Each structure stands twice: as C-alpha cells, then as structure tokens.
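Trainee: Could you take me through one part of this model in detail, the ligand site, and then carry on into the residues beyond it? I'd like one connected account, with the cut-offs spelled out as you go.

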Amino acid sequence: MEYFTLSNGNKMPMAGIGVFMMSPAEAEAAVESAIKSGVRLIDTANGYMNESGTGRGIKKSGVAREEIFLVTKLWPTVYEKETAIDETLARLGTDYIDLLFLHQPTDNWREGYRNIEKAYKEGKVKAIGLSNFPEDLLKEAIETMDIKPHVVQVEAHPYFPQTELKAFLAETGMGLMAWYPLGHGDKNLINEPVFAKLAGKYGKTNAQIILRWHVQSGNVVFPGSRNPEHIRDNFDIFDFALTGEEMAEVGKVNKGVRYYNGTPEMLAQYAKMELGPDL
Ligand code: NAD
C-alpha cells in the first residue's frame with residue numbers, strides 16, 4: 001500500500017472503495033469483502049444513506065477500527081445542525097471519523113465548516129475536507145478558517161484529470177480524492193486502446209492501469225464495486241509502476257469532459273434533498 005501524508009501528518013491509503021448508490025445491505029457486504037481483501041480506505045456519505053451498513057461491514061470484517069481509514073461527508077441540510085456529527089458517528093458505529101467532508105458548496109457551507117472544525121478540535125474527526133468546491137471557495141476556506149482543509153474530493157479520471165486544480169492543491173499541500181476514477185464504469189474510457197496495451201504489458205486489467213495512473217498522479221482512488229473480484233483487482237495495483245513515458249501517453253486521452261454536468265441551479269436543488277432512513 002502507498003499512502004498520502006496529510007498536512008497534519010496523518011496517513012491516508014491511496015486506494016480503497018466507495019459505496020455510492022449501494023443499499024445499506026450492499027454496502028455492508030462490499031465493505032466486509034473489501035476489508036477482507038486488504039482494503040483499508042472506505043468512502044461513504046450521509047447522502048448515500050448507507051453509513052449504518054458501512055459501519056456493520058467494518059465490524060463484520062474483524063479488522064480493528066484503528067486500521068481502517070473511514071471517510072464520510074455531511075449533507076448540506078444538516079451542515080448547521082449541532083448534533084449532525086454525533087448522529088453520523090452513531091450510524092457508523094464508531095467514535096471517530098478519519099476524514100469528514102462537506103459534500104457540496106451550498107450557501108451555508110461556512111456554518112458547516114465551523115461545525116466540522118469544532119469536531120476536529122474535539123478529536124471526533126481526524127481530518128477535514130471539501131467535496132466539489134471550486135478553487136475560489138477553497139481559497140476562502142484556507143484564508144479565513146482556523147483549520148485549513150486537508151483534502152479535496154472532486155471528479156477526476158483520464159478524460160478529466162483536473163490539471164489546474166492539481167497545480168493549486170500542490171501549492172497548498174492538500175490531497176485529492178478522485179471520484180468516478182473509472183468514469184463511473186464507462187466502457188469508452190475503460191476500453192481506450194492505451195489501457196489495453198499497457199494491461200497486456202503488465203499482466204493487469206485496463207481498470208488496474210487506470211487506477212495505477214491515478215495513484216502515480218498523486219490521486220487517492222476509491223472505485224465503487226459490488227463484485228468481489230473487481231474489489232480485489234482495484235486494490236491490487238501496488239506491484240508495478242508505469243514509466244514516465246507511459247504516464248504521458250495516458251495523459252493524451254484527456255478530453256476535458258466531465259460525466260457530471262449539473263448546473264449550479266440543479267446542484268442547489270439536489271442539495272435540498274432531505275436525508276431518508278439509513279438502517
Ligand atoms: P467509478 O468510476 O468508481 O466506477 C464504478 C463502476 O465501475 C462500477 O459500478 C463498476 O460497474 C465498474 N467497475 C468497478 N471496478 C471495476 C473493474 N475492476 N473493472 C471493470 N469495471 C469496474 O464510479 P463510482 O463508484 O460512481 O464512484 C466512486 C466513488 O466516488 C463512489 O462510490 C463514491 O464513494 C464517490 N463519489 C463521490 C462523489 C462526490 O460528490 N463527492 C460523487 C460521486 C461518487
């Protein structure tokens with residue numbers, strides 16, 4: 001395993017699993033299977049409504065909580081709620097979160113930030129981050145808040161490598177977690193000829209080549225999967241390395257296109273979603 005060292009010295013594994021769009025029972029099974037395969041980084045969110053299943057999966061794996069790097073995200077409708085973080089901890093069945101994000105840059109994010117900062121100072125949260133925030137708001141957080149964000153989570157993959165944002169993050173020491181690392185499973189991306197060529201050379205799958213490219217680019221990856229074989233493969237990317245030339249070759253598939261193209265208005269509407277049951 002390789003690690004990214006956060007600006008507060010904590011170490012975050014470079015590869016893990018995300019449980020977006022899974023029911024609590026699916027998240028439980030996927031997390032248990034992932035941890036048993038060696039995965040130690042788990043990404044969930046209030047908004048996925050499967051934190052309870054994620055917590056059960058961690059317990060069922062039999063691996064000690066301290067060995068797991070658990071990531072979750074506060075949903076905008078609870079940013080200002082004083083008890084939101086304790087309720088998140090209760091659903092996850094743990095007394096601390098390794099990395100807590102604000103999920104979306106809604107108007108009330110500053111109140112939410114003060115809430116996660118307080119939890120950080122109390123030791124309930126070991127690192128804090130901003131998900132889907134544009135560079136101007138990241139700058140504002142760095143300049144005006146007590147605790148600088150440690151990590152940013154954004155869409156990133158070979159079709160949209162986030163080159164400009166990465167240059168900014170490198171200056172600030174913040175880490176990047178790449179969501180949709182496999183293009184949300186898009187076959188056009190996964191089947192790009194360059195990945196098949198490199199997969200043949202290294203005896204790996206196309207998906208493993210993409211994930212290895214991420215890690216060598218400094219991105220933390222946490223692809224979603226319910227398939228135990230894929231879960232294992234997605235973690236088995238630390239026994240080979242792409243050459244500088246191969247990294248540059250992968251860089252050429254950049255199309256400058258995202259999969260998620262919601263307008264700010266659509267996002268604002270979505271962020272009002274009331275959280276449903278998470279059992
Ligand atoms: P992904 O890019 O990880 O793609 C997942 C899909 O790829 C799976 O459904 C599966 O069909 C396929 N796949 C997985 N492993 C494979 C393999 N080895 N070979 C071939 N196909 C494979 O997309 P995702 O799961 O939607 O995103 C990853 C994680 O990012 C989510 O689970 C979630 O934790 C996070 N996320 C965060 C945000 C945010 O707003 N912060 C938004 C979306 C997703």
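Mentor: Happily, let's start at the ligand. It is surrounded by 23 residues, and the closest are Asp43, Asn132, Leu182, His184 and Asn234; a residue is near a molecule if one of its heavy atoms lies within 4 Å of it. Before going further, please keep in mind that this is a predicted model, in which local features need pLDDT of at least 70 and side-chain atom pairs count only at pLDDT 80 or more, while totals for chains, interfaces and linings use all residues. Residues are numbered from 1 along each chain as its sequence is written, and side-chain values use heavy atoms, with hydrogens and water left out.

Now for the polar atoms around the ligand. An N or O atom in the side chain of Ser131 is 3.0 Å from a ligand nitrogen. Gly183 takes part through its backbone, where a polar atom is 3.3 Å from an oxygen atom of the ligand. His230 has a polar side-chain atom 3.4 Å from a ligand nitrogen. For reference, a polar contact is a pair of N or O atoms within 3.5 Å; within protein, one must be able to donate a hydrogen and the other to accept it, and residues adjacent in sequence count only if both atoms are side-chain atoms.

His184, one of the closest residues to the ligand, deserves a second look. You will find His184 in the loop between strand E9 (175-179) and helix H7 (187-190); helices (H or I, at least four residues) and strands (E, at least two) are DSSP runs, numbered from the N terminus. His184 is partly exposed, because its relative accessible area is 47%; buried means under 20%, exposed over 50%, and partly exposed in between (1.4 Å probe, protein chains only). The phi of His184 is near 60 degrees, a positive value in a residue other than glycine. Most residues other than glycine have a negative phi. Met21 has a positive phi too, near 65 degrees, and sits in the loop between strand E3 (17-18) and helix H1 (24-36). Met21 is exposed, as its relative accessible area is 54%.

From Ser131 we can step to Phe101, since Ser131 is among the residues in contact with Phe101 (contact means heavy atoms within 4.5 Å), along with others including Val71, Thr72, Gly129, Leu130 and Met177. Phe101 belongs to strand E6 (residues 99-102) and counts as buried because its relative accessibility is 0%. Phe101 and His214 are 113 residues apart in sequence and 21 Å apart in space, C-alpha to C-alpha.

Thr72 leads on to Glu51: leaving out residues up to four places away in sequence, Glu51 touches Thr72 as well as Thr44, Ala45, Asn46, Thr88, Arg91, Leu92 and Asp278. Glu51 lies in helix H2 (residues 51-61) and is buried, because its relative accessible area is 0%. Its side chain makes a polar contact with the side chain of Asn46, at 3.0 Å.

Let's finish at His150, in the loop between H5 and strand E8 (151-155). With a relative accessible area of 3%, His150 is buried. Leaving aside neighbours within four places in sequence, the contacts of His150 include Leu6, Tyr120, Ile128, Gly173 and Met174.
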